[in-house]
Amino acid sequence: KLGEKIKFFGQVLNYTLQTGNGIEEYTSILRHFGWSVCFGVTAGGEVITNVQWKPGINGVEWGLSPGGICRVGPNAPTEEVLTKTQEFFLRETGYGGGEWRYLDHVMIDSGKFRGAGPEDHGLPAHMFLAVGLEKRQDPQPNPNEIMDKILVPLAEFPEILDMRPRLFKETSALSCAYAALRELSKLSL
């Protein structure tokens with residue numbers, strides 16, 4: 001059954017499962033929004049990253065914008081996801097324009113999170129590559145987000161991904177970065 005709403009995250013879903021241990025009670029979180037990350041490269045050849053305080057890990061995380069992109073259905077067309085991603089990317093980073101391409105998606109499904117509804121299992125994290133981005137405005141992240149952006153020269157980015165301890169920890173950001181670097185090697189930028 002649907003439970004309480006969780007501000008900025010979605011809603012609780014409580015249910016029971018028959019397991020080898022008998023009937024067990026479970027709680028999942030329904031994520032009422034889409035998720036997207038973009039490996040954005042400026043016209044000057046710098047990767048746009050962000051450093052953000054994340055309450056869930058009680059610490060700072062280095063990653064790619066945007067993350068949550070508001071309500072996007074589980075079967076939304078790529079064009080709709082792209083439009084929302086571009087809107088949120090511009091707001092968070094101040095960069096826009098350029099050429100965008102859809103890389104793919106990965107599923108974030110730890111068994112405790114679901115998609116936009118009770119029947120959607122896993123949360124798709126859509127991944128984009130954008131090149132030739134230009135500064136269009138000052139960043140305007142949500143007022144409740146503690147975030148700053150860091151521009152990293154593209155040539156140095158593979159080294160950052162290989163650093164230990166790992167600086168990029170969020171799985172969709174890592175997957176997107178590796179997919180984007182692979183795609184960029186094909187483009188010979």
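A disulfide here means a pair of cysteine sulfur atoms within 2.5 Å. By that rule, the count for this structure is zero disulfides. Cysteine 176, for instance, is in no disulfide: the nearest cysteine sulfur belongs to cysteine 38 and is 6.4 Å away. Cysteine 176 is buried at a relative accessible area of 0%, where buried means under 20% relative accessible area, exposed over 50%, and partly exposed in between, with a 1.4 Å probe and protein chains only. Cysteine 70, at 38% relative accessibility, counts as partly exposed.

Before going on, keep in mind that this is a predicted model: local features need pLDDT of at least 70, side-chain atom pairs count only at pLDDT 80 or more, and totals for chains, interfaces and linings use all residues. Residues are numbered from 1 along each chain as its sequence is written, and side-chain values use heavy atoms, with hydrogens and water left out.

Now for the aromatic rings. Rings of Phe, Tyr and Trp (its six-membered ring) pair if their centres lie within 6.5 Å; planes under 30 degrees apart are stacked, over 60 edge-to-face, and the rest tilted. The structure holds seven such pairs. In one of them, phenylalanine 39 meets phenylalanine 157 edge-to-face, at 5.0 Å centre to centre and 90 degrees between the planes. Phenylalanine 39 sits in strand 4 (residues 35-42) and phenylalanine 157 in helix 2 (residues 157-162), so this pair ties together parts 118 residues apart in sequence. Those labels come from DSSP runs, numbered from the N terminus: helices are H or I with at least four residues, strands E with at least two. Phenylalanine 39 is buried at 0% relative accessibility, and phenylalanine 157 is buried at 0% too.

Phenylalanine 157 also pairs edge-to-face with phenylalanine 168, at 5.5 Å centre to centre and 70 degrees between the planes. Here helix 2 is linked to the loop between helix 2 and helix 3 (171-187), where phenylalanine 168 lies, 11 residues apart. Phenylalanine 168 is buried as well, at 1%. Together, Phe39, Trp62, Phe157 and Phe168 make one aromatic cluster.

What about charges? A salt bridge is a side-chain nitrogen of Lys or Arg within 4 Å of a carboxyl oxygen of Asp or Glu, and the count comes to two. Arginine 101 and glutamate 183 meet in one, at 2.8 Å, N to O. That pair links strand 9 (residues 99-108), home of arginine 101, to helix 3, home of glutamate 183, 82 residues apart. Arginine 101 is partly exposed at 34%, whereas glutamate 183 is buried at 17%. Lysine 135 and aspartate 138 also form a salt bridge, at 4.0 Å, N to O.
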